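Colleague: I'd love a close look at one part of this protein, the pairing of charged side chains. Could you walk me through what you find there and then place it in the wider picture?

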Amino acid sequence: MKQQQTNTLEELQKSQLILVRHAQSTYNLAAIERVEQAGNTPELAHKCATDLSLKDAELSPLGQQQCADAKEIVEALPNITTVFMSPLRRAIETAWRLFS
């Protein structure tokens, strides 16, 4: 049992945690466009936050390209064994595009 614990500890010490934020979503894009049109106001932030069409937003075309650009970097990382993500579409799509 002692040997197994040592191996696990050694493996953990070699482990890395890599954090990746989701790529640009249609929510991000809509917020940028609205700020450019109307300025950055609390009312605008509330409008973006309560727009149900953006609650579970998918990736924008730029977000899809960001994933394609980052995939080469991700593929160079050794031994990715587990990927965690939020249940939101933009996070799932980002993870799928990067790690599939």
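Modeller: Let's start with K71 and E75, whose side chains meet in a salt bridge, with N and O 3.8 Å apart. Bear in mind that this is a predicted model. Both residues belong to helix α4, and because they are 4 residues apart there, about one helical turn separates them. The E75 end of the pair is exposed, at 56% relative accessible area.

How many salt bridges does a search of the whole structure find? There are 2, and the other one joins E93 to R97, where the closest N and O atoms are 3.0 Å apart. The spacing follows the same rule as a matter of sequence: E93 and R97 are 4 residues apart in helix α5, so about one helical turn lies between them. As for cover, E93 has 16% relative accessibility and therefore counts as buried, since the cut-off is under 20%. R97, at 27%, counts as partly exposed.

Now for the nonpolar side of the story. Helix α4 spans 61-75, and V74 is a member of the largest nonpolar core, together with A23, L59, C67 and L98. In soluble globular proteins, nonpolar side chains tend to be buried together. Setting aside neighbours within four places in sequence, V74 is in contact with I80, L98 and F99. Of these partners, L98 is in that core as well, whereas I80 and F99 help to make a nonpolar surface patch.

That patch covers about 550 Å², and its other members are I18, V20, V83, M85 and I92. V83 sits in the loop between α4 and α5, the latter spanning 89-99. With a relative accessible area of 34%, V83 is partly exposed; patch residues need over 30%, so V83 passes that cut-off.

Stepping back, the protein has 5 helices and 0 strands, which gives the order α-α-α-α-α from the N terminus on. Of its 100 residues, 23% count as buried. The accessible surface comes to about 7,800 Å², and carbon and sulfur atoms account for 56% of that. Finally, among contacts between residues at least 6 apart in sequence, 71% join residues at least 24 apart.

Notes:
Residues are numbered from 1 along each chain as its sequence is written. This is a predicted model: local features need pLDDT of at least 70, side-chain atom pairs count only at pLDDT 80 or more; totals for chains, interfaces and linings use all residues. Side-chain values use heavy atoms; hydrogens and water are left out. Patches are made of residues with over 30% relative accessible area and no salt bridge: like charges are joined within 9 Å, nonpolar side chains (Val, Leu, Ile, Met, Phe, Trp, Tyr) within 5 Å. Accessible areas come from the Shrake-Rupley method with a 1.4 Å probe; for residues, only the protein chains shown count as cover. A salt bridge is a side-chain nitrogen of Lys or Arg within 4 Å of a carboxyl oxygen of Asp or Glu. Helices (H or I, at least four residues) and strands (E, at least two) are DSSP runs, numbered from the N terminus. Buried means under 20% relative accessible area, exposed over 50%, partly exposed in between (1.4 Å probe, protein chains only). A nonpolar core is a set of buried Ala, Val, Leu, Ile, Met, Phe, Trp, Tyr and Cys residues joined through side-chain atoms within 4.5 Å. Contact means heavy atoms within 4.5 Å.
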